[in-house]
Amino acid sequence: MADVFTVLGQDHQEVKRMLAELERGPTAATGASEAQLALRKKMTEELIIEESRHEALEEMYFWPAVRDHIQSGSTLADEAIGQEQAAKQVLANLDKVGSGDTEFERLLGKFIMDAREHIEFEETQVWPLLRTALPAETSAELGKKIAEGKKSAPTRPHPHTPPSPGALKAAGPVAAAADKARDKLTGRGSD
Ligand SMILES: [Fe+2]
Ligand SMILES: [Fe+2]
């Protein structure tokens with residue numbers, strides 16, 4: 001069974017791949033065609049889905065473990081959750097603009113920079129401490145919960161939902177169901 005670092009690490013690789021692809025363009029400013037702009041919007045929607053699920057699951061399962069098992073865990077978790085909440089607001093705004101809009105590239109550029117920093121923060125500041133503190137069995141359990149939670153995790157950023165695990169567990173399934181209904185209507189998402 002994959003441990004929590006493997007499961008989250010796979011998500012990080014996938015998000016980084018999407019960021020690199022979006023960064024390559026072309027953009028409206030560099031001469032993208034209508035079809036390329038439509039694809040760019042679609043790719044951004046996929047990024048929002050992937051990122052929303054990932055951060056929601058970290059807030060439910062990963063940060064509570066960081067708080068419980070690392071001495072400086074609360075400080076680390078607070079800082080990371082602050083980054084996640086800020087990113088959700090950027091994504092919520094990004095979701096509202098078309099890929100032909102200059103605001104789209106400004107927001108996407110900001111998200112790309114912040115997301116890379118956030119991943120780096122988690123992998124270099126938090127993971128090494130948690131790796132030594134977390135029993136292997138707990139790490140495997142968390143990995144399983146996160147992997148399984150993907151099916152029911154919210155697919156939109158929800159920047160106004162408080163990032164506490166309890167609030168997410170209560171609001172999560174309702175929000176996820178509403179997200180899925182919207183995904184179906186707008187034809188986005190693959191499942
Ligand atoms: Fe995160
Ligand atoms: Fe992460």
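Which way do α2 and α3 cross, left-handed or right-handed? Keep that in mind while you load the model, which is a predicted one. The answer is left-handed for α2 and α3, and the tour starts with that pair.

**Stop 1: α2 against α3**

Select residues 34-69 for helix α2, then add residues 73-94 for helix α3. Their axes come within 10 Å and cross at roughly 160°. Angles over 145 degrees count as roughly antiparallel, so α2 is roughly antiparallel to α3.

Now show side chains along the seam. From α2, pick residues including Lys41, Ile48, Glu55, Glu58, Trp63 and Arg67. They belong to a set that meets α3 residues, among them Gly73, Ala77, Ile81, Glu84, Lys88 and Leu94. Leave Glu55, Glu58 and Glu84 switched on, as they come back at the metal site.

**Stop 2: α1 on α2**

Keep α2 and bring in helix α1, residues 4-24. Here the axes are 10 Å apart and the packing angle is about 155°. That makes α1 roughly antiparallel to α2, and this crossing is left-handed.

Who makes the contact? On the α1 side, pick residues including Val4, Leu8, His12, Val15, Met18 and Leu22. On the α2 side, the list includes Arg40, Met43, Leu47, Glu50, His54, Glu58 and Phe62.

**Stop 3: Glu50**

Click on Glu50, which sits in helix α2. Is Glu50 buried or exposed? Its relative accessible area is 15%, and the cut-off for buried is under 20%, so Glu50 counts as buried.

Leaving out residues up to four places away in sequence, Glu50 touches Asp11, Glu14, Val15, Met18 and Lys150. Try a distance label from Glu50 to Met18: C-alpha to C-alpha, they are 9.7 Å apart in space and 32 residues apart in sequence.

**Stop 4: the iron ion (ligand 1)**

Now select the iron ion (ligand 1) and show what coordinates it. You should find Glu55 (OE), Glu58 (OE), Glu84 (OE), His118 (NE2) and Glu122 (OE), at 2.0 to 2.2 Å. If you want a pattern to search with, the donor residues of this ion are spaced E-x2-E-x25-E-x33-H-x3-E in sequence.

Two of them link distant parts of the chain: Glu84 is in helix α3 and Glu122 in helix α4, 38 residues apart. Glu84 counts as buried, at 1% relative accessibility.

**Stop 5: the iron ion (ligand 2)**

Next, which protein atoms are the donors of the iron ion (ligand 2)? They are His12 (NE2), His54 (NE2), Glu58 (OE) and Glu122 (OE), lying 2.0 to 2.2 Å from the ion. Along the chain, these donors follow the spacing H-x41-H-x3-E-x63-E.

Check the angles before you assign a geometry. The four donor atoms subtend 81 to 178° around the iron ion (ligand 2), so the arrangement is irregular.

Select both ions together and you will see them 3.3 Å apart, with Glu58 coordinating both. Glu58 in helix α2 and Glu122 in helix α4 (residues 102-133) also tie together distant parts of the chain, being 64 residues apart. Glu58 is buried with a relative accessible area of 0%, and Glu122 is buried with a relative accessible area of 0%.

**Stop 6: His12**

Stay at the iron ion (ligand 2) and pick out His12, one of its donors. His12 is in helix α1 and is buried, with a relative accessible area of 1%. Beyond residues up to four places away in sequence, His12 touches His54, Glu58, Ile119, Glu122, Glu123 and Trp127.

**Stop 7: two backbone oddities**

Switch to the backbone for the last stop. Most residues other than glycine have a negative phi, and most peptide bonds are trans.

Start with the loop between α1 and α2, where Pro26 is found. The peptide bond from Gly25 to Pro26 is cis, with omega near 5°.

Then jump to the loop between α5 (136-149) and α6 (165-186) and select His158. Although His158 is not a glycine, its phi is positive, about 45°. At 26% relative accessibility, His158 counts as partly exposed.

Notes: Residues numbered from 1 in each chain as written. Chains lettered and ligands numbered in written order. Predicted model: local features only at pLDDT ≥ 70, side-chain atom pairs only at ≥ 80, totals over all residues. Heavy atoms only, no water. Helix = DSSP H or I, 4+ residues; strand = E, 2+ residues; numbered from the N terminus. Buried < 20%, exposed > 50% of the residue type's maximum accessible area, 1.4 Å probe, protein only. Contact = heavy atoms within 4.5 Å. Donors = N, O, S within 2.8 Å, 3.2 Å for Na, K, Ca; no water. Tetrahedral: all angles 85-135°; square planar, octahedral: opposite > 155°, others 65-115°. Axes fitted to C-alpha atoms, helices over the stretch in contact; angles between N-to-C directions. Parallel < 35°, antiparallel > 145°, perpendicular 65-115°, else oblique. Left-handed = near helix turned anticlockwise from the far one by under 90°.
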